[in-house]
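Hi everyone, thanks for coming. Today I'd like to walk you through one protein structure, step by step. Let's put it on the screen.

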Amino acid sequence: MRFGILGETRAWHGDGREVPLGGPARRALLALLLVRPGVVVSSDRLLDEIDPAGALSAHSLQSQVSRLRAALGAGAAIERAGAGYRIVVDPDDVDAARFERLAGAGRAALADGDAGRAAALLREALELWRGPALADLPESGTARAAAARLEERRLTALEDRIEAGLRLGEHGAAVPELRELA
């Protein structure tokens, strides 16, 4: 199963079919768990981040977790751990983690002088973006911080990809993109 938080929160089965996640609370819950796969997020934090107005109760959170587990099926395990929950998935199944891995490898290739490999890796990384990171959580402090970090990494990857293109002699292609960015 693959997960997306670089844009709206989404999930896909291995065959590419999208998983119907349900409403905004379930999408927000999944996004918060996917920011750091495998790390426990306290129930209190989940409640505060999903519903800052405080209308969501602990019982409602348990219900949302149960519904999310049913939607994901065997594709991902959401475990109760202490006073919170964690999602157990391979980090590379989350687009944000995959983006960071590819962007880092692209930057390393650029530093090693392999502009062709760098450009390919950085293009692949940037193609994972479908919109603003963690778009389903506009009021969440955790999401805002993670989204800002990811956006900074996206801009760095874009700069590195343009640099790789310039090293490959693709000056003409860079001009319109640089104009748009400026």
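Let's start with one residue: Q64 is found in helix α3. Helices here are DSSP runs of H or I with at least four residues, strands are E runs of at least two, and both are numbered from the N terminus. Before I go on, this is a predicted model, where local features need pLDDT of at least 70, side-chain atom pairs count only at pLDDT 80 or more, and totals for chains, interfaces and linings use all residues. Residues are numbered from 1 along each chain as its sequence is written, and side-chain values use heavy atoms, with hydrogens and water left out.

Back to our residue. Is Q64 buried or exposed? Q64 counts as buried because its relative accessibility is 13%; buried means under 20% relative accessible area, exposed over 50%, and partly exposed in between, with a 1.4 Å probe and protein chains only. Leaving out residues up to four places away in sequence, Q64 touches A25, R26 and L29, where contact means heavy atoms within 4.5 Å.

Now for the strands. β4 and β5 run antiparallel and are joined by five bridges; two strands pair if DSSP finds at least two bridges between them. They form a hairpin with two residues between them, and G82 in the turn has a positive phi of about 60°. β5 also pairs with β3, again in the antiparallel sense, over two bridges. Keep an eye on Y85 in β5: V41 stands opposite Y85, and so does R80. R80 also lies over the face of Y85, at 4.8 Å from the ring centre. For that, NZ of Lys or CZ of Arg must be within 6 Å of the ring centre and within 35 degrees of the ring normal.

Next, the aromatics. How many aromatic pairs does the structure hold? Just one. F99 and W129 meet edge-to-face, 5.5 Å centre to centre, with 85° between the planes. Rings of Phe, Tyr and Trp (its six-membered ring) pair if their centres lie within 6.5 Å; planes under 30 degrees apart count as stacked, over 60 as edge-to-face and the rest as tilted. This pair links distant parts of the chain, with F99 in helix α4 and W129 in the loop between α5 and α6, 30 residues apart. F99 counts as buried because its relative accessibility is 0%. W129 has another partner too: the charged end of R154 sits over its ring, 5.8 Å from the centre.
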